[in-house]
Every structure is written in C-alpha cells, then in structure tokens.
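Biologist: I am new to this structure and would like to go through it with you piece by piece. Could you show it to me before we begin?

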Amino acid sequence: MGWRDRFGLRKARRKGKARFDRAADDSDVKALIEFAKSRVGVEFFVEPETFATSTTAVAVATDGEWIRRRVGSPDVIRRVARDLAAPAYDVQIVGYPKRMREWTARNKRGLSMDD
C-alpha cells in the first residue's frame, strides 16, 4: 500500500480551499515521520487550512526543535500520530509550546543548548 493510500492524501487533496500552495505529497509526511522517529518526545500540532496554504502540521521535539510540513488534512497527521504513539493537538486550541519559541530564539542568536 502506498503512502497516499495509507494516510489519505489523495482524499485530502479533493476538498479544500487552498489556492496558492502546492499539495501535500509523500515526502512531506515522510519528513514528519522521520523527524518523530529520530527525536525524543515529539508532539504534533495541526495548523488549519487557510486560503493560501493547505493544512500543515508542526512536529516539536522535547528540546524545542521543530519542523512544519503540509499534510493535506488533519486526519492524515492524526493517523500518523496514532501510528507513532505521539500526541496530536489542534494549535488553535492549545497554541504552540513555549519550548518551540525558545528553540527558535536560541537558533536565531546562534546559541546552543549549553549556552
């Protein structure tokens, strides 16, 4: 079974209002999975579809490192999270974790975790 069939990307592409963004593809979902498998304590935060972008998900590790990728629909990332036994939250309800903002600030200044 292919990734699109497994995670429902084809179905997710059929509906939606995004106009300027490219569609989610296998590499987006694979990047989130690889990130989650290679880091500790990853949580997923589902971002809603907008006029300009399709549904995205942010994967945030315990240390605050994060990535954002297109997922097509919230169902896709929830299925991925369930398969990885990781939590998935709606970012409009819970917001982003503080550690994510701290990690971004550290990396903008060029500091490491030890500084």
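**A hairpin, a sheet and two helices**

Modeller: This is a predicted model, and we can begin at the hairpin of β2 and β3, where five residues lie between the strands and G64 takes a positive phi near 100 degrees.

Biologist: In which sense do β2 and β3 run, and which residue of β3 stands opposite A59?

Modeller: Strand β3 covers residues 66–70, and five bridges join β2 to β3. The two strands run antiparallel. Within this pairing, the residue of β3 that stands opposite A59 is I67.

Biologist: How many of the residues of β2 are buried, and which of them point each way?

Modeller: In general, the side chains of a regular strand alternate between the two faces of the sheet. In β2, T56, V58 and V60 point one way, while A57 and A59 point the other way, and all are buried. Strand β2, residues 56–60, is thus mostly covered, and the number of its residues that are buried is five of five.

Biologist: What is the bridge partner of V46 in β2?

Modeller: Strand β1, residues 43–47, pairs with β2 in the antiparallel sense over five bridges. Among the residues matched in this way, V46 has as its bridge partner in β2 the residue A57.

Biologist: What is the order of the strands in the open sheet, and which are the edge strands?

Modeller: The open sheet has four strands with mixed pairing, and their order is β3-β2-β1-β4. From one strand to the next, the twist averages 25 degrees. Two of the strands pair on one side only, and these edge strands are β3 and β4 (88–90).

Biologist: In which sense do β1 and β4 pair, parallel or antiparallel, and what is the bridge partner of F45 in β4?

Modeller: Three bridges link β1 and β4, and the sense of this pairing is parallel. In β4, the bridge partner of F45 is Y89.

Biologist: Which strands does α4 touch, and what angle does its direction make with that of β1?

Modeller: Helix α4 packs on the sheet, where it touches β1, β2 and β4. Helix α3, for its part, lies across β1, β2 and β3, running at about 155 degrees to β3. For α4, the angle between its direction and that of β1 is about 175 degrees.

Biologist: Are α3 and α4 roughly parallel or roughly antiparallel to each other, and what is the handedness of their crossing?

Modeller: The axes of α3 (residues 26–38) and α4 (residues 74–84) come within 11 Å and cross at roughly 30 degrees. Angles under 35 degrees count as roughly parallel, and α3 and α4 are therefore roughly parallel to each other. The handedness of their crossing is right-handed.

Biologist: Which residues of α4 are met by residues of α3?

Modeller: On the side of α3, the residues that take part are V29, L32, I33, A36 and K37. By class, the contact has eight nonpolar, no polar and one charged residues. The residues met in α4 are V76, I77, V80 and L84.

Biologist: Is A85 buried or exposed?

Modeller: A85 is found in the loop between α4 and β4, and A85 has a positive phi of about 55 degrees although it is not a glycine. Most residues other than glycine have a negative phi. Because its relative accessibility is 72%, and over 50% counts as exposed, A85 is exposed.

Biologist: What distance separates the C-alpha atoms of Q92 and E47?

Modeller: Q92 has its place in helix α5, residues 91–94, and at 60% relative accessibility Q92 counts as exposed. Q92 and E47 are 45 residues apart along the chain, and their C-alpha atoms are separated by 7.3 Å.

Key:
Residues numbered from 1 in each chain as written. Predicted model: local features only at pLDDT ≥ 70, side-chain atom pairs only at ≥ 80, totals over all residues. Heavy atoms only, no water. Axes fitted to C-alpha atoms, helices over the stretch in contact; angles between N-to-C directions. Parallel < 35°, antiparallel > 145°, perpendicular 65-115°, else oblique. Left-handed = near helix turned anticlockwise from the far one by under 90°. Contact = heavy atoms within 4.5 Å. Nonpolar A, V, L, I, M, F, W, Y, C, P; charged D, E, K, R; others polar. Buried < 20%, exposed > 50% of the residue type's maximum accessible area, 1.4 Å probe, protein only. Pairing = 2+ DSSP bridges.
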